[in-house]
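Here are a few exercises to work through with the model open in your viewer. Try each task before you read its solution.

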Amino acid sequence: MPMEEVEIPSFFLCPISLQLMKDPVTVPTGITYDRESIEKWLFSAKSSTCPVTKQAIPDCELTPNHTLRRLIQSWCTLNAAHGIERIPTPRPPISKSQIAKLLHEAESPDMRNKCLKRLRSIATENATNRCCMEAAGAADFLATLVKNETSVSSTLLDETLSDCLSFEVTTRPLDEALAVLYHLQLSEASLKNLIGNDGVFVDSLTRIMRSGTCDSRAYAVMLLKSMFEVADIIQLSRLRKELFVEVVRLLRDQVSQKATKSALKLLILACPMGRNRVKAVKASAVPVLIDLLLDSCNKRQSETILLLLDVLCQCAEGRAKLLEHGAGIAIVSKRILRVSETANERCVRILLSISKFSATPSIVHEMLQVGVAAKLCLVLQVEGRSKTKEKAKEILKLHARAWKNSPCIPADFLSSYPA
């Protein structure tokens with residue numbers, strides 16, 4: 001007999017999934033849920049309230065309900081003849097005292113690597129473990145370890161005056177500590193705590209991006225991205241130019257797809273501020289982004305790059321760097337109508353910014369030669385946002401004297417050229 005035809009006692013069912021509970025846990029409000037379901041509710045959905053009572057759940061505390069679990073196991077055994085399998089006894093969850101012990105042992109250099117690897121394994125198991133580790137102070141311990149390790153490694157590099165010193169060999173605990181910090185998926189409060197402290201931890205991650213292993217550089221930029229998502233304007237305004245240099249270098253090196261994605265998001269978060277925009281441009285962000293756009297086959301990544309180029313071209317330095325690149329105007333024009341409507345508007349906005357503020361006769365001629373005028377006429381013909389069409393009309397009108405009678409514009413497009 002299938003399990004669906006056996007009547008399951010209602011108090012054996014999880015209030016969220018309405019399925020038989022395999023690992024029942026009770027939250028502080030007194031309601032019992034299946035661990036997997038309540039963890040998804042609390043950690044994936046970023047909710048801190050009880051689904052049934054709507055009351056707050058402090059510290060996401062989950063207490064195993066051993067009595068109910070044994071009752072469910074007995075019921076499964078009694079109904080084995082109906083094809084119901086006995087649920088296994090779940091492994092006991094990690095406790096704060098166990099985490100505290102591991103952190104204490106990790107203070108010893110001889111035990112550090114082993115403890116950090118164990119912490120990494122615990123963090124990747126489930127969200128409850130990560131919450132427990134954060135409550136036990138793992139984030140502060142790991143951040144301090146990273147700051148100390150980068151300080152020592154930086155001193156060693158300065159003393160040897162050599163780029164050949166292996167950063168990877170001397171800082172293996174650093175790589176593990178960064179990996180654990182990343183896998184902890186820290187709460188907003190912990191991320192804000194990391195970005196505070198006068199930017200010391202940000203400086204440590206900047207040094208790692210400069211001299212670390214490929215993995216540690218990737219973890220560093222991914223952590224920075226998460227920190228910038230919760231940072232305030234004052235904290236973002238204090239970012240050093242060295243950080244932008246290393247983020248751009250990481251983009252150029254293309255350490256990993258995740259690292260590239262995080263680096264782009266990081267710049268998007270930081271560059272709406274005028275000072276940071278100029279710092280990014282001086283760090284050669286524009287030519288690196290254009291090269292990435294030329295090689296990119298990923299539509300989403302291309303649209304992210306166009307968003308960032310749009311932001312950077314809002315300053316004169318950014319527009320100048322785009323115009324210096326041999327493929328700058330051409331690649332922006334080429335992407336029009338090959339991306340989303342939002343990205344189309346950004347492409348046209350970049351070209352409008354150039355037309356208004358940087359359009360020398362040679363630039364106007366180049367825009368015509370690479371097909372900007374023809375592409376803008378096409379924008380007016382196809383369905384799309386009215387704002388994009390208005391911007392396209394404005395560009396065409398600005399350069400009507402140089403473009404309107406040019407053989408570079410196909411005859412069937414001329415009818416779209418604004419009067």
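**Exercise 1. Two helices, H9 and H11**

Task: work out which residues of H9 and H11 meet, and how the two helices are oriented.

Solution, step by step:
- Start with the residues: on the H9 side they are Glu-188, Leu-191, Lys-192, Leu-194 and Ile-195, and they meet Ser-226, Met-227, Phe-228 and Val-230 of H11.
- Keep in mind that this is a predicted model.
- A pair of packed helices is described by the angle between the axes and the distance between them.
- Here the axes of H9, which spans residues 188–195, and H11 are 9 Å apart, and the angle is about 100 degrees.
- Angles of 65 to 115 degrees count as roughly perpendicular, and therefore H9 and H11 are roughly perpendicular to each other.

**Exercise 2. Another helix pair, H16 and H19**

Task: classify the packing of H16 and H19 by angle and by handedness.

Solution, step by step:
- Take helix H16 (residues 285–295) and helix H19 (residues 328–335): their axes come within 10 Å and cross at roughly 45 degrees.
- That angle makes H16 oblique to H19.
- As for handedness, the crossing of H16 and H19 is left-handed.
- To see the contact, pick out Ile-290, Leu-293 and Leu-294 on H16, then Gly-328, Ile-331 and Arg-335 on H19.

**Exercise 3. Aromatic rings**

Task: find how many aromatic pairs there are, and assign a geometry to Phe-11 with Phe-12 and to Tyr-182 with Tyr-219.

Solution, step by step:
- Ring centres have to lie within 6.5 Å to pair; by this rule the count comes to three aromatic pairs.
- For Phe-11 and Phe-12, the ring centres are 4.8 Å apart and the planes sit at 80 degrees, so this pair is edge-to-face.
- Now check the surroundings: Phe-11 is exposed at 53% relative accessible area, whereas Phe-12 is buried at 5%.
- For Tyr-182 and Tyr-219, the ring centres are 5.4 Å apart with planes at 45 degrees, so call this pair tilted.
- Tyr-182 belongs to helix H8 (residues 172–183) and Tyr-219 to helix H11 (residues 214–230), so the pair ties together parts that are 37 residues apart in sequence.
- Tyr-182 is partly exposed, with a relative accessibility of 25%, while Tyr-219 is buried at 12%.
- Finally, look for a cluster: ring pairs link Phe-11, Phe-12 and Trp-75 into one.

**Exercise 4. Cysteines**

Task: say how many disulfides the whole structure holds, then look at Cys-14 and Cys-115.

Solution, step by step:
- A search of the whole structure turns up zero disulfides.
- Cys-14 is in none: its nearest cysteine sulfur belongs to Cys-50 and is 11 Å away, where the cut-off for a disulfide is 2.5 Å.
- Cys-14 is also buried, at 1% relative accessible area.
- Cys-115 is in no disulfide either, with the nearest cysteine sulfur, that of Cys-132, 16 Å away.
- Cys-115 is buried too, with a relative accessible area of 2%.

**Exercise 5. One polar residue**

Task: is Asn-129 buried or exposed, and which residues does Asn-129 touch?

Solution, step by step:
- Locate Asn-129 in helix H5, which covers residues 127–135.
- The relative accessible area of Asn-129 is 2%, so Asn-129 is buried.
- Leaving aside residues up to four places away in sequence, Asn-129 touches Ile-94 and Ile-122.

Key:
Residues numbered from 1 in each chain as written. Predicted model: local features only at pLDDT ≥ 70, side-chain atom pairs only at ≥ 80, totals over all residues. Heavy atoms only, no water. Phe/Tyr/Trp six-rings, centres within 6.5 Å; stacked < 30°, edge-to-face > 60°. Buried < 20%, exposed > 50% of the residue type's maximum accessible area, 1.4 Å probe, protein only. Helix = DSSP H or I, 4+ residues; strand = E, 2+ residues; numbered from the N terminus. Axes fitted to C-alpha atoms, helices over the stretch in contact; angles between N-to-C directions. Parallel < 35°, antiparallel > 145°, perpendicular 65-115°, else oblique. Left-handed = near helix turned anticlockwise from the far one by under 90°. Contact = heavy atoms within 4.5 Å.
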